[in-house]
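Student: Could you take me through one part of this model close up? I'd like the contacts spelled out, cut-offs included.

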Amino acid sequence: MKGYPAWFVRALLGALLLVFVSGCLLAPTTLVMRFEMALAWRLPGAGRVVTAAMHAATGFVLLMMLGALWSVHMRAGWRKRRQRGSGATLGIMLVLLAASAVAIYYAGEDALGSGAALVHLVVGVSLLLPFGWHWVHARRAARKAVVREPAFVPVNTVSARAKAN
């Protein structure tokens, strides 16, 4: 992505992967604790605490990166009318994830907290589809935009000799 340091895309993808994997590891515990489902597996106590802390910390990092994306990537793409549908969907879903995360922390164990947890789980898993769409279509557009130059460009020897003299 233009306008960002070379490490930014790798860091963004790494943070997205880390928050997704940690969220998937926490999902069974959420289903057991919030919805009293009987599941065969969930993280043990110490692993659950570490994974939840990692998930929350990575979520905060992603919010900062989202701000960085807003300042350059999103605004430029919107002006150029590129990938508006998938970009807007991703933006809305990420804001919804952030809002539901706050609601999970502050709403408590009542119906609002459980509803926020369910929204957070569904939106988190659903984010894969628009992100994949956005990524694949951006790569295709970038490949089409690359103008291939021939490896050998013949020089007009008459004009080259005239400039030399």
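Tutor: Here's a walk through one helix pair, one histidine and a neighbouring topic, a further helix.

This is a predicted model, so local features need pLDDT of at least 70 and side-chain atom pairs count only at pLDDT 80 or more, while totals for chains, interfaces and linings use all residues. Numbering runs from 1 along each chain as its sequence is written, and side-chain values use heavy atoms, with hydrogens and water left out.

Helices here are DSSP runs of H or I with at least four residues, numbered from the N terminus. The axes of α1 and α2 come within 8 Å and cross at roughly 145° (lines fitted to C-alpha atoms over the stretch in contact, with angles from 0 to 180 degrees between N-to-C directions). Contact means heavy atoms within 4.5 Å.

H55 sits in helix α2. Its side chain makes a polar contact with the side chain of S22, at 2.8 Å (a pair of N or O atoms within 3.5 Å; within protein, one must be able to donate a hydrogen and the other to accept it, and residues adjacent in sequence count only if both atoms are side-chain atoms). Leaving aside neighbours within four places in sequence, H55 touches V19, S22, G23, L26 and H120.

H120 takes us to α4, where it is buried, as are G113, S114, A116, A117, L121, V123 and G124 (buried is under 20% relative accessible area, with a 1.4 Å probe and protein chains only). Those buried residues of α4 pack against α1 (6-35), α2 (45-79), α3 (84-107) and α5 (128-145).

How values were computed: Buried means under 20% relative accessible area, exposed over 50%, partly exposed in between (1.4 Å probe, protein chains only). Helices (H or I, at least four residues) and strands (E, at least two) are DSSP runs, numbered from the N terminus.
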